[in-house]
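Q: Could you take a close look at one part of this model for me? I would like to follow a single strand, its partners and the route the chain takes from there.

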Amino acid sequence: MTQVHALNMSEADWKNWCVAAGAKAFLGTQIMEWMTRKGCLDPLQFSNVSQSLRSKLAEEFAWHVPNIDTLLESGDGSEKILLKTHDNLFTECVLMPSENRVTLCVSSQVGCRMACTFCQTGKMGLTRDLTRGEIIAQIIIANRRLLEKGDARRVTNIVFMGMGEPLDNFDEVVAACSIMLDERFFGLSKHRVTVSTSGLVPAIEKLGQLLPVSLAISLHSADEEQRSSMMPVNKKHSLAELKQALLSYPVQTRHGITFEYVMINGVNDSIQHAKKLVKFLHGLKAKVNLIPMNPHPGTEMVATDPERMREFQKYLADRSIPAPVRYSRGQDVSAACGQLASKRRTELNLAPRAVALARRREWLAKKSESSSSCE
Ligand code: SAH
Ligand code: SF4
């Protein structure tokens, strides 16, 4: 029988399990605290749980976290953590400590099916969703890394900007975010958990009603036709539809909604494009992050030159739209979206498409067999 992974159990599941095992329901909350706040995934060490229950926990559930396959420390202090899942897939997170915060960029899927033309993850296609446990495990692993490095802090900020489209894995991402925000578990502030999406409009609306998290939109162009050619999602959910959803999104941060705008040389970086962007943002409280395109093998797209970037930025700033230029941290170690996992896969000489498809078939088959198993 496939074991359920302990990190995929909700607080309610744990309470029910405890009661069925003859223990008090509140112990379920304490088990969650051990795993999240204390980062302990060895049930034999749960000192406030009886010996017999500890053994039962160890026997009945899976407790492993993804292995760290590769750790790459960047010159800018960030660290790319390439993880290998129990079914031998690669995913990644990036730990970015700075003076007043520790940000972790997490993945929500292995690959992504949104197929944005400028994105390396998009080229991989979707292999499978990560479970809520695999998302949460990234924080546990990052907190352990901080400890190992002698940094007494814990992760304070989460951005869903690693591999995958978080809103395409809605239930697992929402469940993971609830644990992040719960003050008894990771206790992160709602201003400090940011879900980044390419624009799955119905899911944005649902998210706004369910959870107080910050929202980032990967916009990249405010021209309908051009955005559809760069981001296929726009053919299904147009800019006009996206804007409607954003106008009613319950904004959590002072600066409103963050827009990511990858600056691609000669593609979306003219003053005409800036004008369209200003028009799109009218009526929204917005900040725009200008991200120089991170080149990767298989694309001719390159970053806009700094001078042109400054002009674009000034055009926005003159119209009261803050638009900092954000260089992806850890570029020297391929920290940008999906780059390390794709690179590692090439090094391993796997046949990417065939492997991805086989894994996807297995995942779909298992998903239909059981919805609560971690495997
Ligand atoms: N799928 C989600 C979150 C992951 S992508 C989304 O698209 O929002 C995280 C960010 O990296 C997005 O803003 C994405 O557009 C950006 N990105 C993708 N490829 C990039 C590249 N080659 N250079 C710079 N940023 C890139
Ligand atoms: Fe997926 Fe985001 Fe990359 Fe688009 S930019 S392919 S949505 S990960």
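A: Happy to, bearing in mind that this is a predicted model. A good place to start is Phe160, which stands opposite Val195 in β10. The two strands concerned, β9 and β10, run parallel and are joined by three bridges. To get from β9 to β10, the chain passes through helix α6 (residues 170–181), making a right-handed β-α-β crossover.

Strand β9 has another partner as well: β6 (residues 101–105) pairs with β9 in the parallel sense, again over three bridges. Here Leu104 is the residue that stands opposite Ile158 in β9.

Now for the side chains. In a regular strand they alternate between the two faces of the sheet. In β9 (residues 157–160), Asn157 and Val159 point one way, Ile158 and Phe160 point the other way, and all are buried.

From β10 we can move on to the ligand. A polar side-chain atom of Ser196 lies 2.7 Å from an oxygen atom of ligand 1, and a backbone N or O atom of Thr197 lies 3.5 Å from an oxygen atom of ligand 1. Asn294 contributes a polar backbone atom, 2.9 Å from a nitrogen atom of ligand 1. Taken on its own, ligand 1 has 530 Å² of accessible area, and the protein covers 93% of that. Two elements give two or more residues to the surrounding shell, namely β10 (193–197) and β12 (257–263).

The shell counts 20 residues, of which Gly164, Ser196, Ser218, His220 and Asn294 come nearest. By class, nine are nonpolar, nine polar and two charged.

Terms used. Residues are numbered from 1 along each chain as its sequence is written. Chains are lettered from A and ligands numbered from 1 in the order in which they are written. This is a predicted model: local features need pLDDT of at least 70, side-chain atom pairs count only at pLDDT 80 or more; totals for chains, interfaces and linings use all residues. Side-chain values use heavy atoms; hydrogens and water are left out. A residue is near a molecule or strand if one of its heavy atoms lies within 4 Å of it. A polar contact is a pair of N or O atoms within 3.5 Å; within protein, one must be able to donate a hydrogen and the other to accept it, and residues adjacent in sequence count only if both atoms are side-chain atoms. Accessible areas come from the Shrake-Rupley method with a 1.4 Å probe; for residues, only the protein chains shown count as cover. Helices (H or I, at least four residues) and strands (E, at least two) are DSSP runs, numbered from the N terminus. Ala, Val, Leu, Ile, Met, Phe, Trp, Tyr, Cys and Pro count as nonpolar, Asp, Glu, Lys and Arg as charged, and the others, Gly among them, as polar. Buried means under 20% relative accessible area, exposed over 50%, partly exposed in between (1.4 Å probe, protein chains only). Two strands pair if DSSP finds at least two bridges between them. A crossover is right-handed if, with the strands pointing away from the viewer, the path from the first strand over the helix to the second runs clockwise.
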